[in-house]
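Hello,

Here is the structure I promised to pass on. My notes follow below it.

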Amino acid sequence: MEPQLVGPGPYRATRLWNEIIEHFRAGMPLRKHRCRFKSYEHCFKASEAVDCLHELLGSNQNFGPEVTRNQTVKLLKKFLKNHVIEDIKGRWGKEDFQDDGHLYRFPPSSPLKSYPKKPSCGNQVIKFPDWNEPKAGVSREHIPVKAVAMNSEMWYKRHSIAIGEVPACKLVFRRELTQANIEEIWKSQTLSRLQKILGLDSLNEVLDVKIVNSKHILQNAYNVNKQGIVILEDKSKELPHWILSAMKCLANWPSCSDLKQPTYSGFERDVFKTIVDYFGQMKEPLLTFHFFDVFVSVLGLLQKHSKAIEALQISCLLLPPENRKRLQLLVRMMARISLNKDLPPLSESVRTRTLMVQAFSHCILCSKDEMDLDELLAAKLVSFLMDNYQEILSVPTTLKSSIEEHVLNLQRVQIKYAGADTDATFPQSFCHQISTDEFEYQRATGSQEPLAALLEEIAMNKEISVKDKKKKLKQFQKSYPEVYRVRFPTPETEAVLFPEKTKQKPPILRWALKKPFQPFHRTRSFRM
């Protein structure tokens, strides 16, 4: 059975737990073993279980080859505690599993975890806030609409562009957006984009959207320095100066600017232990308990690199500013230490990169209620953060520009043409369902009646000149030939509007013919 990538969604940690157990039970070789002069069937040694599970996790794309043997032993301890395995005497419930020759077996009952039941959220689309929407409680079946009936003057205004005239217009100023309106736009658009990337029907499956603070999003997006690090408004929430100095010392080793050069061997290890102890005593991880399921869901996108980057960018934008700043500084330090070849080894048995992941994973990501895969999931996320921290911990430019454009569009002045929206106050009417035949009849006749009235008004208007009337009728005929054909079926009916006038020839000026012939006289203008 091939392990498959577990994508984003609710209860991803539980799904991963069940998948690992199924693959472990299917792939763990069982055979006969002897212990203290007694034979046991269908069992395995502890060291054999470590070998098998370590290989399984390393080849599983949900975890990867960076899983250590020590992490595998810790997971088997949780297996023993949760009765996924038991010793050959049937004992379980304690985390006393060791990488040795003790014998273990699988219990006959299924150890899979059940999924918590939550009410279905349905397909939820996060919309931009619309402050003109009707209040809650108004039935959609009784939405007030403007009456369809209009007089010929209204229709003349509305169709004046079609018949060749540009109507009068006026500027319509939008209502000024408050800071609260802008914050809500940022929150709704940010969450909508995150939901789309994760491919979820509703973010409520992995996040309580009411907890998301819109002020945090704006501060993380705009209050940053040249390096993209958040600038905190509340200076009391900054990291202590001595911790910042220690982090800079290891990140810039051996060019320590804030501290003098070490005078004893092992100085760098003491500084590292100080940093680990400080972050280890925090009551809540930097990614917070509330966003645990969100970040675990993002882990399902790691195979799609660009999507994972954008999802983490947006998710980190939701963090409290002080958490985001600490995460930026910590992950940057971890990445620099891992790549610094001039820094002496901080551990004799563990590689520097592995040490960074093991030391800080728990303070970056963990759940409020201890889960069995916290350490493996956190290690996977932290490794990805270290490799891509410059992109992930920067402000997503595409999201920022789209929201700014939307806000500007809401604040722009609009041009309103006369007749586009009737200024008259209409009585309220309500929508009701009609039959198909009635709909077809209204579609055919509803628009023709006011057009016919407009045509009749043009034809009978005696205040406009004949030239203008012919021009308007010609334009109307071009725009609405069917309506025009009903009113003027033949050229004769059209000619009635323009009666021909009898033309009288002017009298011949006889006196001009009787005038004697005058010879041509040269004038001075023709002289050379």
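Start with a strand pair. In β4, Tyr 104 is the bridge partner of Phe 44. This is a predicted model, so please read everything here in that light.

**The strands**

Phe 44 and Tyr 104 belong to a wider pairing. Strand β4 covers residues 103-105, and β2 pairs with β4 in the antiparallel sense over two bridges. On top of that, β2 (residues 39-45) is joined to β1 (residues 31-34) by three bridges, and these two strands also run antiparallel. One pair there is Arg 34 with Ser 39, its bridge partner in β2. The β1 and β2 hairpin has four residues between the strands. Look at Arg 36 in that hairpin: its phi is positive, near 55 degrees.

**The chain as a whole**

The protein chain holds 20 helices and eight strands. It has 528 residues, and 39% of them count as buried. Take the contacts between residues at least 6 apart in sequence: 71% of these join residues at least 24 apart. The exposed area of the protein chain is about 33200 Å², with carbon and sulfur atoms supplying 53% of it.

**Confidence**

The average pLDDT of the protein chain is 80, and 74% of the residues score at least 70. Two stretches need care. Residues 131-148 have a pLDDT below 50, and the model gives this stretch 23 contacts beyond near neighbours in sequence. Residues 422-430 are also below 50, with 21 contacts beyond near neighbours in sequence. I would not lean on either set of contacts.

**Leu 286 and Asn 323**

Where does Leu 286 sit? It is in the loop between α8 and α9, the latter being residues 292-298. Is Leu 286 buried or exposed? Its relative accessible area is 2%, so Leu 286 is buried, given the cut-off of under 20%. Not counting residues up to four places away in sequence, Leu 286 touches Leu 319, Asn 323, Arg 326, Leu 327, Leu 330, Cys 363 and Ile 364. Arg 326 shows the reach of this loop residue. Leu 286 and Arg 326 are 40 residues apart in sequence, yet their C-alpha atoms are 7.5 Å apart in space.

Now view that contact from the other side. Asn 323 lies in helix α11. Asn 323 has a relative accessible area of 14%, and therefore it too is buried. Beyond residues up to four places away in sequence, Asn 323 touches Pro 285, Leu 286 and Thr 288.

**Helix packing**

Helix α11 comes up again with α13 (residues 374-392). The two axes come within 9 Å and cross at roughly 80 degrees. That makes α11 roughly perpendicular to α13, because angles of 65 to 115 degrees count as such. On the α11 side, the residues that meet α13 are Val 331, Arg 332, Met 334, Ala 335 and Ser 338. On the α13 side they are Val 382, Leu 385, Met 386 and Tyr 389.

Last, helix α7, residues 241-251. Which of its residues are buried? They are Ile 243, Ser 245, Ala 246, Met 247, Cys 249, Leu 250 and Ala 251. What covers these buried residues? The cover includes α8 (267-280) and α11 (321-339).

If you open one view, try α11. In it you will find Asn 323, the residues that meet α13, and part of the cover over α7.

Best wishes

Definitions and conventions:
Residues are numbered from 1 along each chain as its sequence is written. This is a predicted model: local features need pLDDT of at least 70, side-chain atom pairs count only at pLDDT 80 or more; totals for chains, interfaces and linings use all residues. Side-chain values use heavy atoms; hydrogens and water are left out. Buried means under 20% relative accessible area, exposed over 50%, partly exposed in between (1.4 Å probe, protein chains only). Contact means heavy atoms within 4.5 Å. Accessible areas come from the Shrake-Rupley method with a 1.4 Å probe; for residues, only the protein chains shown count as cover. pLDDT is the predictor's confidence in each residue, from 0 to 100. Two strands pair if DSSP finds at least two bridges between them. Axes are lines fitted to C-alpha atoms, for helices over the stretch in contact, and angles run from 0 to 180 degrees between N-to-C directions. Angles under 35 degrees count as roughly parallel, over 145 as roughly antiparallel, 65 to 115 as roughly perpendicular and the rest as oblique.
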